[in-house]
Amino acid sequence: MQLTGHGVLSQGDRQARVAPGELVIYDTRHPFTYDLGQPHSGLVLMFRRPLLQLTERELARVTATPVSCHDGLGQVVWPFLYGLARQVQCLEQLESRGTTRLADHVVGLIGTLLAEHTDADRAPDSDGPVLLTQRILGYMEQRLADPRLSPDGIAAAHRISRRYLYKLLAEQGYTVSGWIREQRLARCRRDLADPALDHLLVGAVGGRWGFPDPAHFSHAFKAAYGMSPREARAARR
C-alpha cells in the first residue's frame, strides 16, 4: 500500500507504477522486484496464499496491477489498514483473544477488494466457468466442517458431473480433496493459535473442521506444517 512517493513493481511480464493511494499485490512464490528510487513510505502485509480465497486465474489477473483506494471499496480498505498498521506498532494492544479472527477478516477484506477489481476487468466470455468455480469454492468453504463433504455431493449441488468439477478446479491449480484438506488444516491451525479455544482438546479442534479421527488429523497436520497439532499449540504459548 503506497502512502507517499512512487514504486515500480515488476513480476512476470508486467510492470506497474504504483502511486500514493494505490495498493498492489505480488506473489512471493515467483520472482519480483519493487523499486523505490525516491523518498517514500508504505505498508506491506504478507499472508499465506490460500487465505486470499481467489482462484489462480483471478490472482494472475490482479498481480502487479495497481488498485485504486480512492473510490469504491478501496475507500473502506485504505483507512482500515492504515489504522490497523498504527496499532500494530503497539503489539501489546493486539494481544487479545480476537487477534486471530481479526487477521482472517483483514485478508478477507483485501480479497473482496481484489475480487471487485477482477470483476470489473473480466472479459464477458469468461464469466461462465469462472463464476461457477467461485460458487463451488464458496460452497466448499461454507461446508468445511462437514466430514461428509465429498466430490459427488459438491458436483450434485451444482448440477455438474464429477469429471467437470475436477476439470474446473484443476484449471485453477487445485484438486478437490487437496483444496478441502488445505483449507481445513488452515482453520485448525488458526483455532490452535486462538487462546479463546484453549479449552478444546486438540482432537476436538480437528473434529470441528472435518477430521473426526484424531490420529488422521495429527498425521495430516504434521505433514502440512512440520509439527503436530499439540506442538503447534505449545509453540504459540
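Colleague: Before we look at the core, what is a nonpolar core?

Modeller: A nonpolar core is a set of buried Ala, Val, Leu, Ile, Met, Phe, Trp, Tyr and Cys residues joined through side-chain atoms within 4.5 Å. Please keep in mind that this is a predicted model.

Colleague: Which residues touch the most other members of the largest nonpolar core?

Modeller: That core has 31 residues, and those touching the most other members are Ile136, Met140, Ile154, Leu165, Leu169 and Ile180.

Colleague: Which elements give two or more residues to this core?

Modeller: They are α4 (127-142), α5 (151-157), α6 (162-170), α7 (176-192), α8 (202-208) and α9 (214-225). The element that gives the most is α7, with 7 residues.

Colleague: And Ile154, what is it in contact with, leaving aside neighbours within four places in sequence?

Modeller: With that exclusion, Ile154 is in contact with Ile136, Tyr139, Met140, Leu149, Leu165, Val176 and Ile180. Another core, of 19 residues, lies apart from the one just described, and its members include Ile25, Leu52, Leu59 and Trp78.

Colleague: Let us change to the sheet. In what order do the 3 strands stand?

Modeller: The order is β3-β2-β5, in an open sheet with antiparallel pairing. Both β3 (14-18) and β5 (32-35) are edge strands with a single partner each, so one side of each has no neighbour in the sheet. On average, neighbouring strands of this sheet are turned by 15° against each other, direction ignored.

Colleague: How many bridges join β2 to β3, and how do they run?

Modeller: There are 5 bridges between β2 and β3, and these strands run antiparallel. Within that pairing, Val8 is opposite Arg17 of β3. The two strands, β2 and β3, make a hairpin with 2 residues between them, and Gly12 in the turn has a positive phi of about 60°.

Colleague: And on the β5 side, how many bridges are there to β2?

Modeller: Strand β2 (residues 7-11) is joined to β5 by 4 bridges, again antiparallel. Leu9 has Tyr34 of β5 as its bridge partner, while Gln11 stands opposite Phe32 in β5.

Colleague: Why is β2 described as largely enclosed by the rest of the structure?

Modeller: Because 4 of the 5 residues of β2 are buried.

Colleague: Now Glu22: is it buried or exposed?

Modeller: Glu22 is buried, because its relative accessible area is 18% and the cut-off for that class is under 20%. This residue lies in strand β4 (residues 22-23).

Colleague: What does its side chain reach?

Modeller: The side chain of Glu22 reaches the backbone nitrogen of Ala19, at 2.9 Å.

Colleague: Which residues is Glu22 in contact with beyond four places in sequence?

Modeller: Those are Met1, Gln2, Arg17, Pro66, Val67, Ser68 and Trp78. As for Met1, the C-alpha atoms of Glu22 and Met1 are 6.0 Å apart in space, although the two residues are 21 residues apart in sequence.

Colleague: One last topic, the cysteines. How many disulfides does the count come to?

Modeller: The count comes to 0 disulfides.

Colleague: Cys69 and Cys188, then: buried or exposed?

Modeller: Cys69 counts as buried, at 7% relative accessibility. Cys188 is buried too, with a relative accessible area of 0%.

Conventions
Residues numbered from 1 in each chain as written. Predicted model: local features only at pLDDT ≥ 70, side-chain atom pairs only at ≥ 80, totals over all residues. Heavy atoms only, no water. Buried < 20%, exposed > 50% of the residue type's maximum accessible area, 1.4 Å probe, protein only. Contact = heavy atoms within 4.5 Å. Polar contact = N/O pair within 3.5 Å; in protein donor to acceptor, adjacent residues only side chain to side chain. Disulfide = S-S within 2.5 Å. Pairing = 2+ DSSP bridges. Axes fitted to C-alpha atoms, helices over the stretch in contact; angles between N-to-C directions.
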